[in-house]
Amino acid sequence: QVQLVESGGGLVQPGGSLRLSCVVSGRTFSRYGMGWFRQAPGKERTLVASISWNAMNTYYVDSVKGRFTISRDNAKNMVYLQMNSLELEDTAVYYCAIHRRPFTVLNGARDRTEFGSWGQGTQVTVSA
């Protein structure tokens, strides 16, 4: 059974930084692409960033390009989201998710239905 556990959320002022972490168990992590999604109150859950199984390809939604960086450590079964220059609009619950199929190149926007398992989410609040 696949399990994903996020951590690192919190309250931060605009312009601040946070680093989200997600540890994955129950799956050969190094074979699967990963994504970070977010869901703000009253809005749909949408993809923020993704990374291919071998870290050779990444994708970012336009609103976070240049501010967020996704990375992974296959030896530790971890995926990270470094978030800099945080804005009020970044406030949301952030979820990590693992792609359904192994060895998938994630170099563009993907629908959430392509991701088969999710963490419980971690709250990020950007407020002055």
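Colleague: Glad to look at this one with you. What radius of gyration does the protein have, and what would a compact globule with 128 residues have?

Modeller: Happy to help, and please keep in mind that this is a predicted model. For 128 residues, a compact globule would come out near 14 Å. The value for the protein agrees with that rule, as its radius of gyration is 13 Å.

Colleague: How many helices and strands does the protein have?

Modeller: Reading from the N terminus, the elements run β-β-β-β-β-β-β-β-β-β-β. That pattern goes with a count of zero helices and 11 strands.

Colleague: Is strand S8 largely enclosed or open, and why?

Modeller: Strand S8 covers residues 78–83, and buried here means under 20% relative accessible area. Five of its six residues are buried, so S8 is largely enclosed by the rest of the structure.

Colleague: Which residue in S8 is the bridge partner of valine 23?

Modeller: Strand S3, residues 18–25, runs antiparallel to S8, and six bridges join the two. Within S8, the partner of valine 23 is methionine 78.

Colleague: And on the S7 side, which residue in S8 does isoleucine 70 stand opposite?

Modeller: S7 spans residues 68–73 and is also joined to S8 by six bridges, again in an antiparallel arrangement. Opposite isoleucine 70 in S8 stands leucine 81.

Colleague: Which residue takes a positive phi in the hairpin of S7 and S8?

Modeller: This hairpin has four residues between the strands. The positive phi, near 55°, belongs to asparagine 77.

Colleague: Let's turn to valine 124: is it buried or exposed?

Modeller: Valine 124 lies in strand S11, which covers residues 122–126. Leaving out residues up to four places away in sequence, valine 124 touches a set of partners including Gly9, Leu20, Met83 and Tyr94. Its relative accessibility is 0%, so valine 124 counts as buried.

Colleague: What separates the C-alpha atoms of valine 124 and leucine 86?

Modeller: Along the chain, these two residues are 38 residues apart. In space, their C-alpha atoms are separated by 9.8 Å.

Colleague: For the whole protein, what share of the contacts with a separation of 6 or more comes from residues 24 or more positions apart?

Modeller: A contact here means heavy atoms within 4.5 Å. Among contacts with a separation of 6 or more, residues 24 or more positions apart account for 60%.

Colleague: One last thing: how far apart are the mean positions of the positive and negative charges?

Modeller: The protein has 14 positive and 9 negative charges. Their mean positions are apart by 8 Å.

How values were computed
Residues numbered from 1 in each chain as written. Predicted model: local features only at pLDDT ≥ 70, side-chain atom pairs only at ≥ 80, totals over all residues. Heavy atoms only, no water. Buried < 20%, exposed > 50% of the residue type's maximum accessible area, 1.4 Å probe, protein only. Pairing = 2+ DSSP bridges. Rg over C-alpha atoms; globule rule 2.2 N^0.38 Å. Lys, Arg positive; Asp, Glu negative; His and termini not counted. Charge placed at Lys NZ, Arg CZ, Asp CG, Glu CD.
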